Amino acid sequence: MTQSTHVGAQLKSWRARRRLTQLGLSSAAGVSTRHLSFIETGRSKPSKDMIIHLSECLEVPLRQRNTLLLAGGHAPAYSENALAETPMSAVSDAINRIVDAHDPYPAVVVDRQWDLIVGNRAVSILTEGAASFLLEPPVNVLRLSLHPEGMAERIVNLAQWRNHVIARLRREVEVTADAQLGALLKELLTYPSGGEWHENESSLLVPLRIRAGDTELAMFSTTTVFGTPRDVTLAEIAIECFYPSDRETAEFFRAKSE
């Protein structure tokens, strides 16, 4: 979808991406199918409020909502402030507090492209030995984890972890229609698969098992995002925190922090 395409065609593309019929969207939005058809074909020019309303029903990300508004001849409705800017000072402080408080376990903050914004000191344990070019900003954490010169050679369950990462990224590409994420997905798919693996049905979470010297660390992760964001940057930030899956891993990280 491009900004030059009229807004109706873009909305239709999002509707198709969400696998909704015109009837399904019109019912969800409280708009007649006739009016929705006129919007999609360009016969009717939607107001700013209508574009926002349909975007909300279609769960269009904020960045792409601004694109729809511009295509419809309206000003963007959602701000985009850098974390270092004054309006984001409280958010930036909260992010730093979360990451620092998670020590001695690893935590990273990433943007929409999975580029590293900030990480705590424990992250260096996971990235130790990675090629220097993978650690040069902007550091893409997915590339770093799966690249054969990155963390991949130390990940014990590489096939399982790769499948988890690829599936997650594929879902994000589907939801956001982000071309850069699509390109990243294609790149990651060219990396070694790590062999075959069989799902452990007794496992509650997909673990990350990685060697650190003679120790095999076992961790699971949680992702934190901000609720009901009104800023594009804020909507695209995620905080990934890793927790030990066993006592040996917990003791390893605690010892490293002393």
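Contact here means heavy atoms within 4.5 Å. Keep that in mind for the tour, because the first terms you meet will rest on cut-offs too: buried is under 20% relative accessible area, exposed is over 50%, and partly exposed is in between (1.4 Å probe, protein chains only). What you have open is a predicted model, where local features need pLDDT of at least 70, side-chain atom pairs count only at pLDDT 80 or more, and totals for chains, interfaces and linings use all residues. Residues are numbered from 1 along each chain as its sequence is written, and side-chain values use heavy atoms, with hydrogens and water left out.

**The whole chain**

Show the protein chain as a cartoon: you should find 12 helices and five strands (DSSP runs numbered from the N terminus; helices are H or I with at least four residues, strands are E with at least two). Its C-alpha atoms fill a box of roughly 65 × 45 × 35 Å along the principal axes. Of the 258 residues, 43% are buried. Among contacts with a separation of 6 or more, 59% link residues 24 or more positions apart.

**Helix H5**

Select residues 62-71, which form helix H5. Leu62, Gln64, Arg65, Asn66, Leu68 and Leu69 are buried there. Now add helices H1 (7-17), H4 (48-57), H9 (158-176) and H11 (232-235), which are among the elements covering those buried residues. Just after H5 comes Gly73, with a positive phi near 85°.

**Leu146 and His147**

Next, pick Leu146 in helix H8 (residues 141-146). Leu146 is buried, at a relative accessible area of 2%. What does Leu146 touch, leaving aside its neighbours within four places in sequence? Its contacts are Ala152, Leu158, Trp161, Arg162, Val165, Ile166, Leu188 and Tyr191. Try a C-alpha to C-alpha distance from Leu146 to Arg162: they are 16 residues apart in sequence and 6.7 Å apart in space.

Step along to His147, in the loop between H8 and H9. His147 is buried, with a relative accessible area of 12%. A polar atom of the His147 side chain lies 2.9 Å from the backbone nitrogen of Glu149. Outside its neighbours within four places in sequence, His147 is in contact with Phe133, Leu134, Ala152 and Tyr191.

**Backbone stops**

Where are the cis peptide bonds to look at? One joins Asp103 and Pro104, with omega about 20°; Pro104 sits in the loop between helix H6 (89-101) and strand S1 (107-110). Another runs from Pro137 to Pro138, with omega near -5°, and Pro138 is in the loop between H7 and H8.

Then go to Trp114, which is not a glycine but has a positive phi of about 65°. Trp114 lies in the loop between S1 and strand S2 (116-119) and is buried, with a relative accessible area of 8%. Ala177 also has a positive phi, about 55°, without being a glycine. Find Ala177 in the loop between H9 and helix H10 (179-188); it is partly exposed, at 28% relative accessible area.

**Helix H12**

Finish with residues 247-257, helix H12, where Thr249, Ala250, Phe252 and Phe253 are buried. They span an arc of only 160° around the axis, so they are on the same side of H12 (the arc is that of the directions from the helix axis to the C-beta atoms). Add helix H7 (123-127) and strands S3 (208-212), S4 (215-224) and S5 (238-244), against which the buried residues of H12 pack. At the start of H12, a side-chain oxygen of Asp246 comes to within 3.4 Å of the backbone nitrogen of Glu248.

Notes
Polar contact = N/O pair within 3.5 Å; in protein donor to acceptor, adjacent residues only side chain to side chain.
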